[in-house]
Amino acid sequence: MGRVYNFSAGPAVLPEEVLKEAAAEMLDYNGSGMSVMEMSHRSKVYDEIIKTAEKDLRDLMNIPDNYKVLFLQGGASQQFAMIPMNLMKNKKAAYIVTGQWAKKAYQEAGKYGEAIKVASSEDKTFSYIPDCSDLDIPEDVDYVYICENNTIYGTKYKELPNTKGKTLVADVSSCFLSEPVDVTKYGVIYGGVQKNVGPAGMVIVIIREDLITEDVLPGTPTMLTYKTHADADSLYNTPPCYNIYICGKVFKWLKKMGGLEKMKELNEKKAKILYDFLDESKLFRGTVVPKDRSLMNVPFVTGNEELDAKFVKAAKAAGFENLKGHRTVGGMRASIYNAMPIEGVEKLVEFMRKFEEENS
Ligand SMILES: *Cc1c(COP(=O)(O)O)cnc(C)c1O
């Protein structure tokens, strides 16, 4: 069997070109006589890989010089603790809870200080983004935290919250590099890479330099202190070498594709195909308030659990994998990250149309 259309929310589809390149370089990277997995992270060859990856990411996102880029282990979830440990100087932070990931971050922060839920969309199963234009944000919070794209529920902030001048911290795991961002609006942007960029187990943290200090909560481990990694250019200990290498290849691929403006255009086009169909369908419907719809994760239902299960099964048999919704919400979800080709979405819609005809 060849490659399927993989709609997984993460780990997720990667550009085929990148996988082929990595396969070709598996035994001998660039004349080094070894795989990138086998080489010293202190070698000249590897230094070039990590430096180039950082440079390409800086180019893609237009990251200003006063921000550090960190390639760290522990996935996105480790940041749920690392952020309060490093940033909670006043032991107080504001959290906007728009889904499971934001909720987990909020609960974790509560272990280290006072985490204040300033808004939530839990009342309607996280199907919308609350109005964040004039929230009651206490004067002494250290930061305001958001999950910018909610992977499970399929919502995305179309406008950043008004933080009343406080530092904005954002988990962008599932919208990373899907469209241009203005980095200067954030204190910290971070994302687990397995959603849109590379292999699982790594997180990229983009952090403004003034937030990197030795003044962290007492007991913060060396490995969980941003300064440790910032001072060592992500080479304090052995970094996730192979992941960084693959991410670097994805950055090159994105540049070749035309950068983030172009990705946004493509992602909007792909998402529109699916949302337009959901809006006209008599069987399927999207579960998110239209104005807050994500370009990356598209949840939908038929309204009948048995029919949902039948659809997921039939889709799988037809080569459309991982369309089952998150275990906490049911239904279906199509994740259509950067590397999902437009044909994948077109063919899925064609399949859904046929399924609808046969089941109504
Ligand atoms: C997947 C995901 C996470 C968790 O990532 P891990 O790398 O598994 O820790 C956190 N936040 C968001 C938005 C996610 O989509």
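Author: A polar contact is a pair of N or O atoms within 3.5 Å, and the model to which this cut-off is applied here is a predicted one.

Reader: What makes the approach of alanine 76 to the ligand a polar contact?

Author: A backbone N or O atom of alanine 76 lies 3.0 Å from an oxygen atom of the ligand, and because the limit is 3.5 Å, the pair counts as a polar contact.

Reader: Which side chains make polar contacts with the ligand, and how do you know that they qualify?

Author: In aspartate 171, a polar side-chain atom is placed 2.6 Å from a nitrogen atom of the ligand, while in lysine 195 an N or O atom of the side chain is 2.5 Å from a ligand oxygen; each pair is within 3.5 Å and therefore qualifies. Of the 390 Å² of accessible area that the ligand has on its own, the protein covers 87%.

Reader: What kinds of residue surround the ligand, by class?

Author: The shell holds 4 nonpolar, 6 polar and 2 charged residues; among its members are Phe80, Trp101, Asn149, Asp171 and Lys195, of which Asp171 and Lys195 count as charged because Asp and Lys belong to that class. The ligand takes up the space of the largest pocket.

Reader: Why is the pair of tyrosine 29 and tyrosine 245 called edge-to-face?

Author: The ring centres are 5.7 Å apart, which is within the 6.5 Å needed for a pair, and the planes stand at 90 degrees, over the 60 that the term requires, so the pair is edge-to-face. The structure holds 17 aromatic pairs, and this one links distant parts of the chain, since tyrosine 29 is in the loop between helix H1 and helix H2 and tyrosine 245 is in helix H6, 216 residues apart.

Reader: What makes the backbone at proline 11 and at asparagine 30 worth noting?

Author: Most peptide bonds are trans, and most residues other than glycine have a negative phi. The bond from glycine 10 to proline 11, however, is cis, with omega near -10 degrees, and proline 11 is in the loop between strand E1 and H1. Asparagine 30, in the loop between H1 and H2, has a positive phi, near 50 degrees, although asparagine 30 is a residue other than glycine.

Definitions and conventions
Residues numbered from 1 in each chain as written. Predicted model: local features only at pLDDT ≥ 70, side-chain atom pairs only at ≥ 80, totals over all residues. Heavy atoms only, no water. Near = heavy atom within 4 Å. Polar contact = N/O pair within 3.5 Å; in protein donor to acceptor, adjacent residues only side chain to side chain. Areas by Shrake-Rupley, 256 points an atom, 1.4 Å probe, with all protein chains shown as cover. 1 Å grid on protein atoms, 1.4 Å probe; cavity = no way out; pocket = protein on both sides within 12 Å on 5 of 7 lines; lining within 4 Å. Sits in = over half its atoms within 2 Å of the grid points. Phe/Tyr/Trp six-rings, centres within 6.5 Å; stacked < 30°, edge-to-face > 60°. Helix = DSSP H or I, 4+ residues; strand = E, 2+ residues; numbered from the N terminus.
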